Amino acid sequence: MTDDEPNERRTADRDFDVDLDDVLEDEEDDEEGGLFDDLLSGEPIFENKEVLRPSYTPHELPHRNEQINNMATILVAALRGETPSNILIYGKTGTGKTASAKYVSQELENTSRKYDVPCEVEYINCEVTDTQYRVLAQLANTFIEQNRDYARGRIRDIESLIEDAEDDPSALAETEFESVRDAERRLEDLERDLEEMEEVPMTGWPTDRVYSVFFEAVDYVERVAVIMLDEIDKLVEKSGDDTLYNLSRMNSELDNSRVSIIGISNDLKFTDFLDPRVKSSLGEEEIVFPPYDANQLRDILQHRSKDAFKADALSEDVIPLCAAFAAQEHGDARRALDLLRTAGELAERDQSDVVTEEHVRRAQDKIELDRVVEVVRTLPTQSKLVLFAIMMLEKHGVHNINTGEVYNIYKTLCDEIDADVLTQRRVTDLISELDMLGIVNAVVVSKGRYGRTKEINLSVPIDETEAVLQADSRLGDIENVTPFVQARFDN
DNA sequence: CTTCCACAGGAAATCCTGGCGC
DNA sequence: GCGCCAGGATTTCCTGTGGAAG
């Protein structure tokens, strides 16, 4: 039932576009001038779609109380002016690590403001900020910014204090200053500090200079700084553990302030690559976020859907189904939400005012297709060629393709587009890679007398794959190779 | 039971690229 | 700008193997 509909899209296939919202306008509605009318007139399904996006931080995180309390117990030290232990958070994608950590840090900052304890949390996503330099520069700049605000505030306070004191000298009695002169001296200091605070440029400085600027910025006022490093494994992978080493030993040299690190990692084993010293200081406390099971996912979806959808926009089996699908894929809440959102979008496009089970199933297919399209699109050329060869064979009705056949076609394809021809050894590896990506299915079988080989089958929709492959500029003009394939069959 | 196909897939050698210190 | 090196991709060379055919 899902295979029927791509037909009408044939003509537009060349310009393969995966984004749902874009396809939307082309597909239905040929009426001039009424492009958006129909879409608008339908009963909207979403109340607030943002709630379903991964970037949204919810106010409540069902089934994460234990982890959240755990973090809070550790971080409460910051509010007493002590250094909290460093925390390492583990968990697969979509288990609520980032959301929980952000929630806790928000609460921490709120409370610190309430009791007037200086405590700040800095969030850094190491996938974006992925080198030691960038991490330090970003931290330095945010702290510098804060210090400036602080200095300006103090300057204002002192100025008005001096003004008061000129009228009535007793105004100074309750303050730290002994005289107007003293206050003025302090004022000058602050202004000079403000002058000297220099922002770290995006690039150009030696790393140790950035480090010392950062160091001084942190130490400028008394405070507890919590540094949250999301996707910390990416940082370690790309630029080693120097950053972490520097950060974790900072405390012994700071006079006024304290730093504490929260590391968030997808990879349970990433500490294996760390210097033992870093490892022990970073992992003082470890919190694990296990994957959600289907019931927990259902609660989460239930919870979010209240804000996301109009009342009664979901038929009752929608949420359990989304939860079940996502639970099969390692309990990823992000996936579950994505599924629900996509299902809603599909329903919206159907002008339906209720999201049904059917929409969820289609959403599941669509997400899977998008994933495949993305994977295939970003494949290296050689892998694309191998896949192309498999696809051509499949297209001619060959199933259980074996390596030799693929290799032969592959060679002619390479000739055709003037690419390097890899060895068969290498091609078998490429096939295995495609297998691991789930694009093809390859099983080693023995055909007795006729040797031992892989049996390969395409495990993705053939038309879409072809479209994506031909969208590659280097593979675009390959169509006329069909005779080659044909010729091979005749032998 | 032996043979022998048509590869799989391990190990080491080689090529290539980009970063780093000077 | 240059040599050096790490580490990834690829090649070369190789041994291993399940089971139909004989």
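So, DNA strand C first. In this predicted model, the residues surrounding that strand are V421, L422, T423, R425, R426, S446, G448, R449, G451 and R452. What part of the strand do they meet? Of the strand C atoms that come within 4 Å of the protein, 69% belong to sugar and phosphate. By class, the surface near strand C splits into two nonpolar, four polar and four charged residues.

Let me pick out some individual atom pairs here. R426 puts a polar side-chain atom 2.6 Å from a phosphate oxygen of DNA strand C. S446 goes to a base instead: an N or O atom in the S446 side chain is 2.8 Å from a base nitrogen of strand C. And R449 comes in through its backbone, with an N or O atom there lying 3.4 Å from a sugar or linking oxygen of strand C.

Hold on to R449, please, as we move to the other strand. A polar backbone atom of R449 is also 3.0 Å from a sugar or linking oxygen of DNA strand B.

How many residues surround DNA strand B? There are 14, and the closest are T403, R425, T428, G448 and G451. Sugar and phosphate make up 63% of the strand B atoms within 4 Å of the protein. If you look back at the strand C list, R425, G448 and G451 are in there too.

For the pairs on strand B, G404 uses its backbone, where an N or O atom lies 3.2 Å from a sugar or linking oxygen. K454 uses its side chain, with a polar atom 3.3 Å from a phosphate oxygen of strand B. Which elements give two or more residues to this surface? Those are α16, running 403-417, α17, running 424-436, and β7, running 452-458. The class count near strand B is two nonpolar, eight polar and four charged residues.

Now, staying with β7 for a moment, have a look at N457, which lies in that strand. Leaving out residues up to four places away in sequence, N457 touches E394, H399, N400, V440 and N441. With N400 there is a side-chain to side-chain polar contact of 3.0 Å. Another way to see how the chain comes back on itself here is L393: N457 and L393 are 64 residues apart in sequence, yet their C-alpha atoms are 9.7 Å apart in space.

That leads to the whole chain. Chain A has 19 helices and seven strands. Of its 491 residues, 44% count as buried. If you take contacts between residues at least 6 apart in sequence, 73% of them join residues at least 24 apart.

One helix pair is worth a stop. Helix α14, residues 357-377, packs on helix α18, residues 462-470, at an angle of about 35°, and the axes are 9 Å apart. The crossing is right-handed. What makes the contact? On the α14 side we have L369, V373, V376 and R377, and on the α18 side E464, V468 and L469. By class, the contact has five nonpolar, no polar and two charged residues.

Next, two residues with unusual backbone settings, if you like checking phi angles. H63 has a phi near 65°, which is a positive value in a residue other than glycine. H63 lies in the loop between α2, 37-41, and α3, 65-79. Buried or exposed? Neither, as H63 is partly exposed, with a relative accessible area of 33%.

The second one is D418. Its phi is also near 65°, again a positive value in a residue other than glycine. D418 is found in the loop between α16 and α17, and those two helices are the ones we just met at the strand B surface. D418 is exposed, with a relative accessible area of 71%.

Last stop, E231. Where is it? E231 is placed in the loop between β3, 224-230, and α8, 232-239. Relative accessibility there is 17%, and the cut-off for buried is under 20%, so E231 counts as buried. Beyond the neighbours within four places in sequence, E231 is in contact with N125, C126, E127, I264 and N266.

That's my tour, so over to you.

Definitions and conventions
Residues numbered from 1 in each chain as written. Chains lettered and ligands numbered in written order. Predicted model: local features only at pLDDT ≥ 70, side-chain atom pairs only at ≥ 80, totals over all residues. Heavy atoms only, no water. Near = heavy atom within 4 Å. Polar contact = N/O pair within 3.5 Å; in protein donor to acceptor, adjacent residues only side chain to side chain. Helix = DSSP H or I, 4+ residues; strand = E, 2+ residues; numbered from the N terminus. Nonpolar A, V, L, I, M, F, W, Y, C, P; charged D, E, K, R; others polar. Axes fitted to C-alpha atoms, helices over the stretch in contact; angles between N-to-C directions. Left-handed = near helix turned anticlockwise from the far one by under 90°. Contact = heavy atoms within 4.5 Å. Buried < 20%, exposed > 50% of the residue type's maximum accessible area, 1.4 Å probe, protein only.
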